[in-house]
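Student: I would like a close look at one part of this model, namely its salt bridges and the residues that form them. Please set that part beside the buried core positions, the cysteines and the nonpolar surface, and state each criterion as you use it.

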Amino acid sequence: MVKGRIEIRSESCKACGYCIKFCPKNVLDFGKDVNPQGYRYITMVRPENCIGCATCALMCPDAAIEVYREEA
């Protein structure tokens, strides 16, 4: 079984929400913390659901997301 791990560069995130909208497993949501640009950046709220599909990274206009696939 393949599981995914996501790294979000908080300083690059502009909180557009595209990654949240298009994630098929509802892994991401807006965080509580604010980056230096004043945006509530995205965080993983359901990491156990991530399948490593990389849709979030593909949809991110700022290339702020890296996805890693791991064998579980």
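Tutor: What follows takes the salt bridges in turn and then moves to the other topics.

The model is predicted, so local features are reported only at pLDDT of at least 70 and side-chain atom pairs only at pLDDT 80 or more, whereas totals for chains, interfaces and linings use all residues. Residues are numbered from 1 along each chain as its sequence is written, and side-chain values use heavy atoms, with hydrogens and water left out.

A search of the whole structure finds four salt bridges, the criterion being a side-chain nitrogen of Lys or Arg within 4 Å of a carboxyl oxygen of Asp or Glu. One of them joins the side chains of E7 and R5, with an N to O distance of 2.7 Å. Another joins R5 to E70, at 2.9 Å from N to O. This second pair links distant parts of the chain, since R5 belongs to strand β1 (residues 2-8) and E70 to strand β4 (residues 65-71), 65 residues apart; helices (H or I, at least four residues) and strands (E, at least two) are DSSP runs, numbered from the N terminus.

As for accessibility, buried means under 20% relative accessible area, exposed means over 50%, and partly exposed lies in between, with a 1.4 Å probe and protein chains only. On that scale E7 is partly exposed at 40%, R5 is partly exposed at 34%, and E70 is partly exposed at 35%.

A further salt bridge is formed by the side chains of K14 and D62, at 3.6 Å from N to O. Because K14 lies in the loop between β1 and α1 while D62 lies in the loop between α2 and β4, the pair ties together parts that are 48 residues apart in sequence. K14 is partly exposed, with 47% relative accessibility, and D62 is also partly exposed, with 28%. Salt bridges that share partners join R5, E7 and E70 into one network.

For a core position, consider L28, which is placed in strand β2 (residues 28-34) and counts as buried at 4% relative accessibility. Leaving aside residues up to four places away in sequence, L28 touches I6, I8, C19, I20, I42, T43, M44, V45 and C56, where contact means heavy atoms within 4.5 Å. The C-alpha atoms of L28 and C53, which are 25 residues apart along the chain, are separated by 13 Å.

C19, one of the contacts of L28, leads to the cysteines. A disulfide is a covalent bond between the sulfur atoms of two cysteines, identified here as a pair of cysteine sulfur atoms within 2.5 Å. The search of the whole structure finds zero disulfides. C19 is in no disulfide, and its nearest cysteine sulfur, that of C16, is 6.1 Å away. C60 is likewise in no disulfide, with the sulfur of C16 the nearest cysteine sulfur at 6.0 Å. C19 is buried at 6% relative accessible area, and C60 counts as buried at 18%.

On the surface, Y18, F22, L58 and M59 make a nonpolar patch of about 410 Å². Patches of this kind are made of residues with over 30% relative accessible area and no salt bridge, nonpolar side chains (Val, Leu, Ile, Met, Phe, Trp, Tyr) being joined within 5 Å and like charges within 9 Å, and accessible areas come from the Shrake-Rupley method with a 1.4 Å probe, where for residues only the protein chains shown count as cover. Helices α1 (18-22) and α2 (55-59) each supply at least two residues of the nonpolar patch. Y18 is found in helix α1 and is partly exposed, with a relative accessible area of 41%.
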